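Visitor: I would like to take a close look at a single part of this protein. Please guide me through one residue and its surroundings in a connected account.

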Amino acid sequence: MTMKRKLLLILCISLTALVQAFAQNRTITGTVTGKDDNLPIPGASVTVPGTQVGTQTNDYGKFTIKVPASAKSLAFSFVGYKRATADISTADVINISLETNASQLKEVVV
């Protein structure tokens, strides 16, 4: 094998590995709103269950998150609302409405 062919082979293998490394993550965007009033929920948590990957919604309830290729769902939570999950198998845009949590504190002692 000539030196040029060896270099070309090494370059091809390196590019293949580089493409696979970048293909492992994908970006998902969406909006989190309240189910009862359809208003955006700023500061809601968006996480990938079983990982340390997460983000929060902006002032308009919108989020962008990079998830690993192995991720199957996203979890959404906010104080006063029930936790919800959404399947992300093929979707790149997830819009979800959180339902209010009916349980309330009866008494607070300071």
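Guide: Thr 31 lies in strand β1, and the model in which it is seen here is a predicted one. The relative accessible area of Thr 31 is 15%; because the limit for a buried residue is under 20%, Thr 31 counts as buried. Beyond its neighbours within four places in sequence, Thr 31 is in contact with Tyr 60, Gly 61, Lys 62 and Phe 63, and also with Ile 94, Asn 95 and Ile 96. With one of these residues, Lys 62, there is a polar contact from side chain to side chain, at 3.3 Å.

Lys 62 leads to strand β4, which spans residues 62-68. Strand β1, residues 25-34, runs antiparallel to β4, and seven bridges join the two. One of the pairings sets Asn 25 against Pro 68 of β4. The side chains of β4 alternate along the strand. Phe 63, Ile 65 and Val 67 point to one face and are buried, whereas Lys 62, Thr 64, Lys 66 and Pro 68 point to the other face and are not buried. Thr 31 therefore has contacts with a residue from each of these two sets, Phe 63 and Lys 62.

The loop between β1 and β2 (45-47) holds Asn 38. Asn 38 is not a glycine, yet its phi is positive, at about 60°. Its relative accessibility is 56%, so Asn 38 is classed as exposed, whereas Thr 31 in β1 is buried.

Terms used:
Residues are numbered from 1 along each chain as its sequence is written. This is a predicted model: local features need pLDDT of at least 70, side-chain atom pairs count only at pLDDT 80 or more; totals for chains, interfaces and linings use all residues. Side-chain values use heavy atoms; hydrogens and water are left out. Buried means under 20% relative accessible area, exposed over 50%, partly exposed in between (1.4 Å probe, protein chains only). Helices (H or I, at least four residues) and strands (E, at least two) are DSSP runs, numbered from the N terminus. Two strands pair if DSSP finds at least two bridges between them. A polar contact is a pair of N or O atoms within 3.5 Å; within protein, one must be able to donate a hydrogen and the other to accept it, and residues adjacent in sequence count only if both atoms are side-chain atoms. Contact means heavy atoms within 4.5 Å.
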